[in-house]
Amino acid sequence: MIAAMIATLILHSLDEKLSDRLTLTLLVLLMLFPILIAVSTDELAPDPMVFWLAVVLGTGGIGRDHASGSLALALTRPIKRRDYLLARWAALCLAGTLCVAIQLGLEVALLEARADAVAEFTKRENAALRHEI
């Protein structure tokens with residue numbers, strides 16, 4: 001029963017973060033910036049900005065619950081404060097991991113596509129040079 005409550009808290013935390021337009025906009029911008037760097041430099045971005053993702057995802061989580069009264073409601077259930085905080089932390093880790101995985105996946109896919117395009121261009125140029133000689 002406790003595991004179900006913790007899972008519900010995790011899902012609620014993720015839903016709360018994804019429904020906030022400002023947070024979602026900041027997440028998209030923080031994910032796109034390293035992708036643009038990767039595409040412009042032809043190598044993976046050195047830092048996927050994990051710290052800033054954690055800041056954006058983590059801010060106001062418990063404070064918002066306290067202001068809306070849902071924190072008091074959650075703590076009236078048979079769940080320990082430690083479990084509540086761990087569920088919030090797990091949601092933050094899960095969301096951050098998903099963001100970084102999506103970001104790195106997009107970077108790799110874009111770099112692979114660019115490498116294929118460059119290889120095709122080089123192949124055509126070499127063929128054109130052979131025909132001229």
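# Report on a predicted six-helix model

At a relative accessibility of 14%, Asp83 counts as buried, because the cut-off for that class is under 20%. Its salt-bridge partner is Arg82, and the closest N and O atoms of the pair are 3.6 Å apart. Arg82 has a relative accessibility of 51% and therefore counts as exposed, the cut-off being over 50%. This salt bridge thus joins Asp83 to Arg82, with Asp83 buried and Arg82 exposed.

The model is predicted. The average pLDDT of the protein is 76, and 88% of the residues score at least 70. Among the elements, the highest mean pLDDT, 81, belongs to helix 6 (residues 81-132), and the lowest, 69, to helix 3 (residues 50-58).

**Overall fold**

The protein contains 6 helices and 0 strands. Its pattern along the sequence is α-α-α-α-α-α. Of the 133 residues in the protein, 28% are buried.

**Salt bridges**

How many salt bridges does a search of the whole structure find? The search finds 2. Side chains of opposite charge can pair when their charged atoms come close. Besides the pair formed by Asp83 and Arg82, there is a salt bridge between the side chains of Arg124 and Glu120, at 3.5 Å from N to O. Both Arg124 and Glu120 belong to helix 6, where 4 residues, or about one turn of the helix, separate them. Arg124 is exposed, since its relative accessible area of 56% is over the 50% cut-off. Glu120, at 33% relative accessibility, counts as partly exposed because this value falls between the 20% and 50% cut-offs.

**Nonpolar surface patch**

Four residues, Leu18, Leu24, Val28 and Leu32, form a nonpolar patch on the surface. Together they have about 330 Å² of accessible area. The element that gives the most to this patch is helix 2 (residues 21-41), with 3 residues. Leu18, in contrast, is located in helix 1 (residues 2-19). With a relative accessibility of 53%, Leu18 counts as exposed.

**Largest pocket**

Rolling a probe the size of a water molecule over the atoms shows where empty space is left. The volume of the largest pocket is about 240 Å³. Its lining is made up of Met5, Thr8, Leu9, His12, Asp65, Ser70, Leu73, Ala74, Arg77, Ile79 and Tyr84. Two elements, helix 1 and helix 5 (70-76), each give two or more residues to this lining. Which element gives the most to the lining of the largest pocket? Helix 1 does, with 4 residues.

**Residues apart in the chain**

Thr23 is found in helix 2. This residue is buried, because its relative accessible area of 8% is under the 20% cut-off. Thr23 and Leu57 are 34 residues apart along the chain, while their C-alpha atoms are separated by 7.2 Å.

A second pair is made up of Leu85 and Ile62. Leu85 is part of helix 6. Is Leu85 buried, exposed or partly exposed? At 46% relative accessibility, Leu85 counts as partly exposed, because 46% falls between the two cut-offs. A distance of 8.5 Å separates the C-alpha atoms of Leu85 and Ile62, and the two residues are 23 residues apart along the chain.

**Accessibility of the residues discussed**

| Residue | Relative accessibility | Class |
|---|---|---|
| Thr23 | 8% | buried |
| Asp83 | 14% | buried |
| Glu120 | 33% | partly exposed |
| Leu85 | 46% | partly exposed |
| Arg82 | 51% | exposed |
| Leu18 | 53% | exposed |
| Arg124 | 56% | exposed |

How values were computed: Residues numbered from 1 in each chain as written. Predicted model: local features only at pLDDT ≥ 70, side-chain atom pairs only at ≥ 80, totals over all residues. Heavy atoms only, no water. pLDDT = per-residue confidence, 0-100. Patch = residues over 30% accessible without salt bridge, like charges linked within 9 Å, V, L, I, M, F, W, Y side chains within 5 Å. Areas by Shrake-Rupley, 256 points an atom, 1.4 Å probe, with all protein chains shown as cover. Buried < 20%, exposed > 50% of the residue type's maximum accessible area, 1.4 Å probe, protein only. 1 Å grid on protein atoms, 1.4 Å probe; cavity = no way out; pocket = protein on both sides within 12 Å on 5 of 7 lines; lining within 4 Å. Points joined across faces, edges and corners; volume = space filled by probe spheres on them.
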